[in-house]
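Here is a friendly briefing to read alongside the model. Please keep the sequence and the 3D view open as you go.

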Amino acid sequence: MVRPTQLLYPQRDPAPLRPAATVLLLRDTPQGIEVLMTRRSMRASFAPGAYVFPGGGIDAADTAAHAQSTRRASQSDLQLTQAIAAIRESFEELGVLLARHADGRHVSTEDIAALDRQAPFAAQCQARGLMLAGADVFTLAHWVTDRDLPRRFDVPFLVARMPEGQTPVADEAEQFEPSWVRPLDALARHEAGTFFMIFPTLRTLERLAKYASVEAVLSACAQEKPLWISCPRAGLLGGQDARYMEHDSPYGELALTSPDGQIVHSLDWQSEHPVALLKNVMRLTAPNPGIMTGPGTNSYIVGTADAGYIVIDPGPDDAAHIGRLFAATGGRIEAIVCTHSHPDHSPGAKPLQALCAQRPPVLGLPSAATARADSHFMPDRTLLNNELLTLASIAHKHTLKVIFTPGHAANHACFVLVEDGLLFSGDHILNGSTTIISPPDGEMTAYLDSLDLLTRACNEHQIDFILPAHGHVLGEAPQAIAQLRAHRLKREAKVAAAMQARPDGTLQDWVALAYDDTDPRLWPIALRSLQAHVDRIDALQRAA
């Protein structure tokens, strides 16, 4: 867990959450699903002028109206309250009423016209013998408003089929211009600047567009759990606010640099200046972007001016990059450590050492005999497994714990910043792609076993964040490792199926089957990991 004293910015409490509910009213058309949307008042305190789905705050009266609503056996009390709130808001804002008569008939236009949108809702329905159709309202998603916004809501996005024979009529106070629109058309109009929508609406429509019918949507929601839950975070990209969900690659970095959600962290990739992640951690990305390196190799600088610095992965032998590392540390480098010996990680170590008056030691594991010719590496001192590398001053202490993690390379190691629960993962865990396991120096069983070691390290040291050699910081470290392991094993199952389907096939035959979800242009690279999976499958079969 990151020490609060190492955060870059004073933290503030986000605005309190208010319970609310919104509903996507859907209908089928020959061209696909349409959803009912409406434009918010330009005077609204939240998202003025945005096109939204009807909804609003939850009232105590919504909970009190349970007895006046139909209910699925699996529908919780909270879900029913939310459904009733959404039904009420749809009626008050658009004159659409999800309710039935005692004989099961949907309410008619005449029934709705007899009701007063300003009067107490449940009491009017009860007086006319109407039963609210809470059982017809399902949970699609759960959104929590971004931490940086002044008004925040905890809101399920519900779905229901639009009742036949009803025509939406906006209240012309809170909502205007009710419109039926296909999700993809709404997204296109937003992109064109004629249909403004906020982030949760956009992401919801993107997912809704994948469904062919209203029934398909309702069936997907039948398990009574939201299909996704999100509290977005925002950073700066090209100087503009950019928002992200939990699965987006920058999300973890935003959680690390600004836990309270302030929009202060730049996400632009550049190699000219180090990027502060914490007071005691900087990242400088080498100018070597490419298909194998992503935005470039991340060199990390751990420490403070009074305690000195440790540089992790100085990167390629690039004079400009090495000069920037030296400048960022003021030359106060106590050690240079390499996660492994690949040419985008370790060649910069000796040139960086040479710039320093005290010639800090280059630490790591020597390359194995199986390493490629361009990956030869001999440190000044070989690290020990679980060794502690400590920087200390009167005010600060920073301890890196060494964890041997063979798999991507035979001499791969990761490092844990113990005091702050950070894992520097080298190439063992990346953000945005899975690492290549290239035999003979790479080995799949060793790679998976090393993932298990890192999972145990997460539990031991309360590791929340992974700082990879390529890509942004990853959050939810144990979950990220579990997902990576599951992905590897799922790929291995596809490899085994390909081998079974084509027992006399070659790697070229199997890659087309096992990596059919990957761009064929990447298959030459995938062949390396495919070989590692084949080797592991063969070994497991021999041992059985």
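The second largest cavity holds about 30 Å³ of space, and its walls come from Asp268, Trp269, Gln270, Val275, Arg283 and Thr285. A cavity here is a set of points on a 1 Å grid over the protein atoms alone where a 1.4 Å probe fits but cannot get out, and lining residues have an atom within 4 Å of a point. Volume means the space filled by probe spheres set on the points, with grid points joined across faces, edges and corners. This is a predicted model, in which local features need pLDDT of at least 70 and side-chain atom pairs count only at pLDDT 80 or more, while totals for chains, interfaces and linings use all residues. Residues are numbered from 1 along each chain as its sequence is written, and side-chain values use heavy atoms, with hydrogens and water left out.

**Cavities**

- The lining of the second largest cavity divides into two nonpolar, two polar and two charged residues. In these classes, Ala, Val, Leu, Ile, Met, Phe, Trp, Tyr, Cys and Pro are nonpolar, Asp, Glu, Lys and Arg are charged, and the others, Gly among them, are polar.
- By the cavity rule, the count comes to two cavities of 30 Å³ or more.
- The largest cavity contains about 40 Å³ of space. Arg233, Ala234, Gly235, Leu254, Ser258, Gly261, Gln262, Val264 and His265 line the largest cavity.
- Strand 11 (residues 233-237) contributes the most to the lining of the largest cavity, with three residues. Strands (E, at least two residues) and helices (H or I, at least four) are DSSP runs numbered from the N terminus.
- By class, the largest cavity is lined by three nonpolar, five polar and one charged residues.

**The second largest pocket**

- About 990 Å³ of space lies in the second largest pocket. A pocket is an open set of points with protein on both sides within 12 Å along at least five of seven lines.
- Of the 45 residues lining the second largest pocket, Phe46, Ala47, Val52, Phe153 and Ile198 are the closest to its centre.
- Elements giving two or more residues to this lining include strand 1 (17-29), helix 2 (77-94), strand 8 (152-161) and strand 12 (240-244).
- Helix 6 gives the most to the lining of the second largest pocket, with five residues.
- The lining of the second largest pocket has 24 nonpolar, 10 polar and 11 charged residues.

**Salt bridges**

- Side chains of opposite charge can pair when their charged atoms come close.
- The whole structure has 31 salt bridges, each being a side-chain nitrogen of Lys or Arg within 4 Å of a carboxyl oxygen of Asp or Glu.
- Arg71 pairs with Asp77 in a salt bridge whose closest N and O atoms are 2.4 Å apart. Arg71 is partly exposed because its relative accessibility is 39%; the cut-offs are under 20% relative accessible area for buried, over 50% for exposed and in between for partly exposed (1.4 Å probe, protein chains only). Asp77 also counts as partly exposed, at 46%.
- Asp148 and Arg243 form a salt bridge (2.9 Å, N to O). This pair links distant parts of the chain, with Asp148 in the loop between strand 7 and strand 8 and Arg243 in strand 12, 95 residues apart. Asp148 has 17% relative accessibility, so Asp148 counts as buried.
- In the salt bridge between Asp517 and Lys494, the closest N and O atoms are 4.0 Å apart. Asp517 sits in the loop between helix 13 (507-514) and helix 14 (523-543) and Lys494 in helix 12, so the pair ties together parts 23 residues apart in sequence. Asp517 is exposed at 54% relative accessibility, whereas Lys494 is partly exposed at 25%.
- Asp59, Asp62, Arg88, Glu89 and Glu92 are joined into one network by salt bridges that share partners.

**Overall picture**

- The protein has 14 helices and 24 strands.
- The C-alpha trace spans about 85 × 65 × 40 Å along its principal axes.
- Of the 544 residues in the protein, 54% are buried. One residue in helix 12 (residues 477-501) is Ile481, which counts as buried because its relative accessibility is 1%.
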